Amino acid sequence: MRTIFFFVVGAALTAAGAESFRPTIPQVWDEVALRDLELPLASTGLPPGHITPEYYYAQKVRPIYTSYPVYHPDREPAGYFENLKSREPIVLWNDTDKRPKLVVADDWVAAGELVFDAPIAYVELTPEQRATRANEFRTLPYRLTPNGQIPFYRYVIREKGKVELGLLACAECHNRVMPDGSIIKGAQGNPPFDLQFARAIHASSVESARRGQRVLFAAPVAAQPVVSQLDRLSPAQIAAYHETVPLGVLARHGSGSFTPVQIPDLIGVDERRYLDHTGLQRNRGLGDLMRYAALNQGADLLSDFGGIIPRADPATQARPAATNGTRYSDEQLYALALYLKSLRPPLNPNPTNAITRRGEEVFREQECARCHDPEQGYTNHKLVVAPGFTVPADHPARADILTKRSVDTDPTLALQTRRGTGLYKVPSLRGVWYRSHFEHNGSCATLEDWFDPRRLADTYVPTGWKGPPGTTTRAVRGHDYGLDLNEADRRALIAFLRTL
Ligand code: HEC
Ligand code: HEC
């Protein structure tokens with residue numbers, strides 16, 4: 001069943017006097033909007049092909065349930081878990097009879113936060129699973145809130161007596177726990193995602209470990225690392241790739257465990273014109289943010305990447321039945337997009353002083369603003385060409401591609417993956433003070449390392465993502481701006497960047 005809500009554009013007064021908000025919700029699976037949503041892939045020259053609106057809307061809407069915080073096993077209040085078992089399931093939002101209050105604009109933002117926090121996958125916590133997870137919580141570098149919670153996951157009760165661990169909410173990857181335990185919602189997340197995934201791979205059969213990698217990372221690239229060698233890799237060898245990925249970086253599906261990506265900061269995302277490090281998807285407004293969420297939380301695993309449909313049956317190449325699939329409702333996605341738009345950075349503790357003013361001068365002298373333009377939020381919304389890619393004359397984003405100068409960073413992500421467009425986006429520098437792991441692969445843990453000229457040498461030991469298993473030294477090449485400064489100016493430049 002597909003429900004379309006027709007709202008009149010405009011505002012009316014509620015009983016309380018606040019302006020009611022009656023948006024016209026963009027249709028997420030709009031064939032015209034989807035047609036030129038993504039840039040062509042470097043590997044095929046074509047953008048991914050998508051499922052039809054009939055298929056998309058035949059998938060079931062994911063109900064959002066009341067959920068509960070997850071504690072570190074040594075910090076869980078006595079009786080907490082047992083108490084959850086006695087609770088009734090409560091549906092907060094579905095496409096039939098349950099809906100949060102949606103009257104004024106703030107209600108929509110609050111409802112969007114509910115979507116952001118809502119898991120989309122569940123693991124039943126049998127005693128064995130609970131023990132496995134408790135072991136992971138104790139032995140992996142999870143950052144906790146001051147009261148001992150792990151704010152990446154939620155407990156969910158969908159059936160009375162059965163407590164499930166809820167996974168893959170936006171919050172799992174886009175909540176950042178700061179050293180003092182405070183949370184910046186929407187910032188570059190820092191869950192030990194790949195380290196946990198590696199544990200799961202060690203415990204799985206060779207078939208399921210290989211199948212998982214194909215679904216996540218297969219691309220129309222013949223010599224792609226890992227996937228092209230899967231028939232020879234054991235679970236331990238596959239897991240070793242994920243074990244290289246530090247907090248703040250993640251082998252998102254469509255990238256690769258051999259080229260993981262820095263988790264981006266979502267604060268200010270509504271202003272960016274391209275999404276993903278490779279600029280794969282356009283962002284022409286809230287409808288496109290909705291499409292990004294729909295694609296990346298399930299639908300792009302059903303897309304066609306030059307003949308590769310990640311979730312297709314390996315034998316028949318058929319997609320699973322649409323009615324077995326799940327999706328967000330358009331209304332949930334619209335609220336989510338309004339929530340993303342509402343995100344604001346935390347108060348910046350770094351004061352402006354003589355050193356940062358000198359840093360601002362250095363920023364000007366070095367012409368950083370050619371790409372990181374203060375007038376446009378410290379980006380110019382352009383794309384640069386990865387070494388090895390030739391931009392076709394009729395490329396649909398040609399006007400936004402800087403063809404004169406390559407920034408020359410590692411081209412693996414841009415050329416050898418499903419997200420690879422042959423291009424990298426000029427990122428915004430806002431919020432670098434609370435972020436880490438710079439460059440698209442997160443190779444440099446700090447700004448000091450990013451502006452350290454020694455990173456260009458093959459003898460360098462990257463401080464962030466080190467490289468594929470077995471890498472001991474590796475140059476973090478490219479982006480040689482600001483690398484030949486004297487020590488005082490380098491410090492000043494970095495101090496200035498931390499005020500943004
Ligand atoms: C499993 C981890 C994970 C989950 C879950 C997740 N994301 Fe992301 N998200 C990432 C990573 C990693 C990237 C970077 C991808 C890239 O650059 O190729 C990203 C990129 C994005 C971007 C593009 C930002 C930019 O500036 O390029 C948006 C928008 C986004 N995510 C929103 C969401 C929303 C909304 C949800 C929930 C509906 C969500 N994400 C769920 C990990 C995740
Ligand atoms: C020609 C365009 C261009 C110029 C000029 C430029 N940058 Fe960049 N900058 C980029 C691109 C593109 C990236 C992303 C590279 C990647 O991810 O591989 C980047 C990344 C960065 C990052 C890392 C951001 C992150 O979140 O990972 C910082 C910090 C940065 N630039 C600062 C500067 C400073 C300071 C200057 C001047 C000294 C400068 N840039 C000059 C294009 C440019």
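The iron atom of ligand 1 has one donor from the protein: the NE2 atom of His174, at 2.1 Å. His174 itself is placed in helix α6. The structure is a predicted model. The iron atom of ligand 2, by contrast, has the protein donors His372 and His479, each through NE2 and lying 2.0 Å from the metal. The points below treat the two ligands in turn and then the strands.

**Surroundings of ligand 1**

- Ligand 1 is surrounded by 24 residues, of which Cys170, Cys173, His174, Arg272 and Asp276 come nearest.
- By class, this shell is made up of 16 nonpolar, three polar and five charged residues.
- Three helices, α6 (170-174), α10 (286-296) and α11 (330-342), each contribute at least two residues to the shell around ligand 1.
- Helix α6 provides the largest share of that shell, with three residues, and α6 is also where the iron donor His174 is found.

**Polar contacts of ligand 1**

- The side chain of Arg272 places an N or O atom 2.7 Å from an oxygen atom of ligand 1.
- Asp276 makes its contact through the backbone, where a polar atom is 2.6 Å from an oxygen atom of ligand 1.
- Arg252 has a polar side-chain atom 3.4 Å from a nitrogen atom of ligand 1.

**Iron site of ligand 2**

- The site of the iron atom of ligand 2 is octahedral, with six donor atoms and angles of 88 to 179° among them.
- For six octahedral donors, the ideal angles at a metal are 90 or 180 degrees.
- The two protein donors to this iron atom, His372 and His479, come from distant parts of the chain, 107 residues apart.
- His372 belongs to the loop between α12 (354-365) and β17, while His479 belongs to the loop between α14 (447-450) and α15 (487-497).
- His372 and His479 are both buried.

**Surroundings and polar contacts of ligand 2**

- Around ligand 2 there are 25 residues, and the closest are Cys368, Cys371, His372, His440 and His479.
- The shell around ligand 2 divides into 13 nonpolar, seven polar and five charged residues.
- Arg435 has a polar side-chain atom 2.7 Å from an oxygen atom of ligand 2.
- His440, one of the closest residues to ligand 2, has a polar side-chain atom 2.6 Å from an oxygen atom of the ligand.
- Glu439 makes its contact through a polar backbone atom, 2.8 Å from an oxygen atom of ligand 2.

**The three-stranded sheet**

- Three strands form an open sheet in the order β18-β17-β19, and their pairing is mixed.
- Its edge strands, each pairing on one side only, are β18 (401-402) and β19 (423-425).
- Strand β17, covering residues 383-385, pairs with β18 in the parallel sense over two bridges.
- Within this part of the sheet, Val384 stands opposite Leu402 of β18.
- Strand β17 also bounds the loop that holds His372, a loop running between α12 and β17.

**Strands β5 and β8**

- Strand β5, residues 67-71, is mostly covered, as four of its five residues are buried.
- The pairing of β5 with strand β8 (residues 149-159) is antiparallel and extends over four bridges.
- Pro69 has Arg154 in β8 as its bridge partner.
- In general, the strands of a sheet pair through backbone hydrogen bonds, in either a parallel or an antiparallel manner.

Terms used
Residues are numbered from 1 along each chain as its sequence is written. Chains are lettered from A and ligands numbered from 1 in the order in which they are written. This is a predicted model: local features need pLDDT of at least 70, side-chain atom pairs count only at pLDDT 80 or more; totals for chains, interfaces and linings use all residues. Side-chain values use heavy atoms; hydrogens and water are left out. Two strands pair if DSSP finds at least two bridges between them. Donors are N, O and S atoms within 2.8 Å of the metal (3.2 Å for Na, K and Ca); water is not among the atoms, so sites may look incomplete. Four donors count as tetrahedral if all angles lie between 85 and 135 degrees; four count as square planar and six as octahedral if opposite donors are over 155 degrees apart and all others between 65 and 115; anything else is irregular. Buried means under 20% relative accessible area, exposed over 50%, partly exposed in between (1.4 Å probe, protein chains only). A residue is near a molecule or strand if one of its heavy atoms lies within 4 Å of it. A polar contact is a pair of N or O atoms within 3.5 Å; within protein, one must be able to donate a hydrogen and the other to accept it, and residues adjacent in sequence count only if both atoms are side-chain atoms. Ala, Val, Leu, Ile, Met, Phe, Trp, Tyr, Cys and Pro count as nonpolar, Asp, Glu, Lys and Arg as charged, and the others, Gly among them, as polar.
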